[in-house]
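Subject: Structure for you to look at

Hi,

Here is the structure I promised to pass on. Please have a look at it first, and then read on for what turned up.

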Amino acid sequence: MNRNNELREAEENYTKATQAELSRNYDTAFRLYIKSAELFLHLCRSSPATGGSVQKTRWKASAAKALERAEKIKAFVDKNNTTPGAAGQKSDELAPELKLTPVGVNFFSPHEQFLVLKKGERVNGGIYFSWEESYGLLHNAEEQPQLSPEQLRQSSEWRRPTNTTAASLHRILPQEIIQNIVTDCSLCSSITVCLEHGQRFASDLLQGSLVPCPQHKPGLDFCGQYHVRIFFNGIWRRVIIDDKLPHSQTNGSVLCMSVLQPKGGLQRQHNIIWPSLFEKAYMKLMGGYEFLGSVSSTDLHALIGWIPEHIDIKSSNFEREKTWITVLHGFLSGHCMVTVGTGPRKECFWQTTQLLPSHSYAVVDVTEDEDGPTMTILNSWVPGNDKSHLSDSRFLRIPWNEVLSVFYGIYLSWDPSQWSESLTFHGTWKRRGQEDQLTNLRLRFNNVTTDKRIWILLTRHVVNSKRTTDFASLRVEVEDEAWKTAGAVIPQKLTEEGTFTNNTHILAKTQVSEGSGVLNITPSYDGDASAVGYTIVAYAGYGVTLKWDENMVTPPYTEKVSGVLTSKNSGGNGTYPTFMSNPQYWLRIHMPSSTSLSPSVDTRCRVRTSIVLKTAREVPVNVTLVWSQGERVYTLSERELAATSGPYSYGLATVVKDLSPGDYTVIVSAFEPQYIGAFSLTASVSSPFFLKPIVQEGAGMYKKVVQGEWSAETAGGGPSFNRYKENPLYAIHVSSQTQLKIRLQVLHPSATAPLNVTLYSTSSVEDSQQPTATSGPYDDAIAGVATPQFWLNTGTYWMVPSTYTPGIRAEFQLTIYSSVADIVIEQKQ
């Protein structure tokens with residue numbers, strides 16, 4: 001929204017508020033006065049520092065006037081609500097014109113968006129204003145970036161280079177960029193691929209980002225100051241530097257990124273320093289030349305604003321052929337620039353060429369010919385006084401399959417201009433107590449036709465580049481109405497989507513259906529900071545309309561419970577026999593009142609239900625809802641699933657679903673039993689509900705465990721076979737009346753085997769048709785089988801564990817729960 005439109009909206013809101021106040025519609029007037037004040041304040045705060053002081057004063061006065069009217073309305077309503085005649089009235093009995101709806105913060109408003117970007121201007125102790133903002137005096141231009149220990153060791157000094165010009169960016173060859181002693185290989189390879197793109201497609205991606213001091217006038221000596229445009233923390237920002245560069249006091253060599261003279265003795269008339277100036281500006285922003293390192297896609301996002309994508313070659317989800325096709329088509333079309341990175345191992349070779357560890361290399365060609373898929377990689381590192389800097393040995397033509405074995409990561413940068421539509425949101429994660437804030441956004445899309453791709457880019461704002469404890473994750477899901485017809489799937493897989501990472505950027509690529517729909521976007525943060533800004537940008541193809549849902553209804557009923565996954569109750573996913581031990585909760589959703597249906601209550605009596613499970617970022621978790629009567633669930637069945645968060649994901653699992661009122665069991669589980677740690681479970685529902693923990697099996701009872709095995713001699717099978725009496729037989733001696741429950745499980749299930757456990761009195765053990773208690777029909781459930789909890793009088797009883805089919809050899813475990821401690825169990829030999 002431009003400034004004129006904002007001013008018009010602010011004035012219109014004030015006029016409408018005045019009309020509403022005169023009509024005694026105090027609720028509407030109060031809301032419009034507040035909104036008008038916010039807009040006037042935004043105009044005042046976002047205007048250039050050096051312009052329009054009279055206008056800014058007028059806007060500030062208008063904001064104060066609007067706030068004054070809002071405060072008077074509130075005082076009037078409060079006074080009327082506390083008068084003797086109204087003292088006995090309840091809030092819902094007040095006349096409509098005397099009730100004020102609380103005005104919440106609209107995080108989508110220009111003012112709130114501006115505040116996030118304003119906070120993002122403080123980076124590593126410096127202040128970097130918006131590129132569009134008036135810069136005023138050339139503050140901090142002569143403040144030099146901190147030198148690295150290696151530069152200091154070589155007695156570096158700041159010196160203006162000689163024989164240079166303040167002209168625009170001179171074209172140079174990619175191989176003329178040389179990394180020196182600064183550990184910014186990612187930045188060097190970023191500038192290198194920009195130069196290669198310029199050669200191949202006649203582009204000038206860095207043009208306009210390095211501007212000589214705007215106060216420099218033709219005919220006067222150049223002051224040596226530059227303004228560098230860098231995209232950082234959600235917006236193009238201004239970094240002001242001078243042209244002094246670190247030089248060695250010993251030999252006068254430049255101790256930063258440099259440009260070599262071309263081959264053949266052809267000397268340029270002027271030294272080219274613009275790559276060194278880009279490096280200096282970026283190092284100043286990032287806190288100095290002691291650069292901790294980055295990835296090229298992150299640096300290219302800062303330099304030219306292209307969309308970064310990180311592909312982990314070593315990931316189990318890496319798709320070799322699909323990735324090659326994506327890279328090849330993107331590179332040849334000019335829509336994508338590519339770099340690759342080595343891993344941390346010290347000994348890294350391709351054939352006889354040694355590669356540096358944790359180093360970024362520029363990809364200057366991607367081809368597929370008779371030799372197969374191939375990448376050409378350029379090494380910008382030239383140690384010492386090596387004079388082979390322009391030799392062909394610096395170009396490495398590596399087959400694709402060897403690229404995948406030598407390097408650890410592929411870093412892509414995508415041209416945002418290939419997307420005709422985009423939408424941006426700036427937000428802040430704020431810590432609440434000991435838990436990090438979770439943000440949920442809904443993005444509405446319409447008119448999707450042939451191009452069904454929507455990309456979502458999350459950028460975590462950086463205020464201290466040396467802090468490595470900030471992690472973020474991004475989850476993007478198409479809001480699905482398929483619950484009407486399709487059943488859920490039992491979660492048994494692990495996904496890397498939504499994984500927490502300390503990378504600055506996370507890109508999610510989503511395929512949507514034709515027409516319209518909604519994307520649920522969940523960016524989350526894990527770290528020590530109390531507040532961290534972020535930016536989300538959505539990209540879509542031609543003709544698609546994108547719009548944030550600014551009227552998301554927060555369910556009025558919320559409850560949060562905390563728990564701990566321990567070695568006793570962390571049962572793993574549904575393929576483990578211990579799954580039944582996972583923490584479970586009884587969720588009862590009440591029928592909404594017909595007189596108080598909220599907008600998020602379905603007219604068919606379905607209510608919006610949100611379940612959020614949060615753990616440590618290293619723990620892959622899932623949350624599943626099962627139709628039940630609020631009892632503990634021992635085995636998952638797809639026909640009983642009401643909702644699930646899907647594949648196990650690290651640190652966070654969410655369910656958002658429209659559910660019918662009734663009883664459910666909520667199951668919290670980690671992917672494997674080895675994962676333990678604290679968790680929180682938050683339920684938000686559009687109608688009243690309760691959430692209560694379900695006790696573990698045998699809670700409050702004594703527990704005895706017996707292990708045994710079915711051998712070739714004792715695997716007698718079920719009663720329908722003639723060998724049933726050959727099964728292991730255990731005597732249970734009961735000295736006083738007790739409640740009892742028995743569970744039978746196979747210890748190391750490799751294949752399904754239907755099981756049964758039955759208890760007989762001593763008089764009926766010969767007659768297998770008259771059991772005292774039984775687990776029922778033979779069942780191959782992974783959790784095993786169990787009898788109901790039943791009363792047992794004093795005496796001796798015989799317990800028979802069996803498989804349905806004779807001859808199955810396996811180890812088993814019997815767990816016997818009793819309400820008294822003095823029962824005795826012994827095996828009959």
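The secondary structure of the protein comes to 10 helices and 46 strands. Please keep in mind that this is a predicted model. Of the 829 residues, 51% are buried. Among contacts with a separation of 6 or more, 79% join residues that sit 24 or more positions apart.

On confidence, the average pLDDT of the protein is 85, and 86% of the residues score at least 70. Two stretches deserve some care. Over residues 90-94 the pLDDT stays under 50, and the model has six contacts for them beyond four places in sequence. Residues 481-487 also have a pLDDT below 50, with five contacts in the model beyond near neighbours in sequence. Where pLDDT is low, the predicted coordinates should not be read in detail.

Now to the annotated site. Which residues does UniProt mark as "active site"? The unreviewed entry places that feature at Cys185 and His359. They span 175 residues in sequence, yet their C-alpha atoms are no more than 6.3 Å apart, so the two gather at one spot.

Cys185 is found in helix α6, which covers residues 185-201. Is Cys185 buried or exposed? With a relative accessible area of 12%, Cys185 counts as buried, because the cut-off is under 20%. Leaving aside neighbours within four places in sequence, Cys185 is in contact with Gln179, Ser358, His359 and Ser360.

His359 has its place in the loop between β13 (353-355) and β14 (360-369). At 7% relative accessibility, His359 is buried as well. Not counting residues up to four places away in sequence, His359 touches Gln179, Cys185, Val340, Gly341, Thr342, Asn379 and Trp381. Gln179 thus appears in the contact lists of both Cys185 and His359.

Next, a sheet you may want to pull up in your viewer. In what order do the strands of this open sheet of four run? The order is β18-β24-β20-β22, with antiparallel pairing. At the edges stand β18 (421-430) and β22 (505-511); each has a single partner strand, so one side of each is left without a neighbour in the sheet. Direction ignored, neighbouring strands of this sheet are turned by 15° against each other on average.

Inside that sheet, β20 (residues 453-460) and β24 (residues 531-540) run antiparallel and are joined by seven bridges. If you would like a landmark there, Thr459 stands opposite Thr535 in β24. Helix α4 (residues 110-119) lies across β18 and β24, and runs at about 70° to β18.

The last item is a single residue, Asn569, in the loop between β26 (557-565) and β27 (584-589). Despite the loop setting, Asn569 is buried, with a relative accessible area of 15%. What does the side chain of Asn569 reach? It reaches the backbone oxygen of Val564 at 3.1 Å. Leaving aside neighbours within four places in sequence, Asn569 is in contact with Val564, Ser581, Asn582, Pro583 and Gln696. Val564 is therefore both a contact of Asn569 and the residue whose backbone oxygen the Asn569 side chain reaches.

Best wishes

Note on methods:
Residues numbered from 1 in each chain as written. Predicted model: local features only at pLDDT ≥ 70, side-chain atom pairs only at ≥ 80, totals over all residues. Heavy atoms only, no water. Helix = DSSP H or I, 4+ residues; strand = E, 2+ residues; numbered from the N terminus. Buried < 20%, exposed > 50% of the residue type's maximum accessible area, 1.4 Å probe, protein only. Polar contact = N/O pair within 3.5 Å; in protein donor to acceptor, adjacent residues only side chain to side chain. Contact = heavy atoms within 4.5 Å. UniProt positions renumbered as here; feature names shortened; annotations may be inferred. Pairing = 2+ DSSP bridges. Axes fitted to C-alpha atoms, helices over the stretch in contact; angles between N-to-C directions. pLDDT = per-residue confidence, 0-100.
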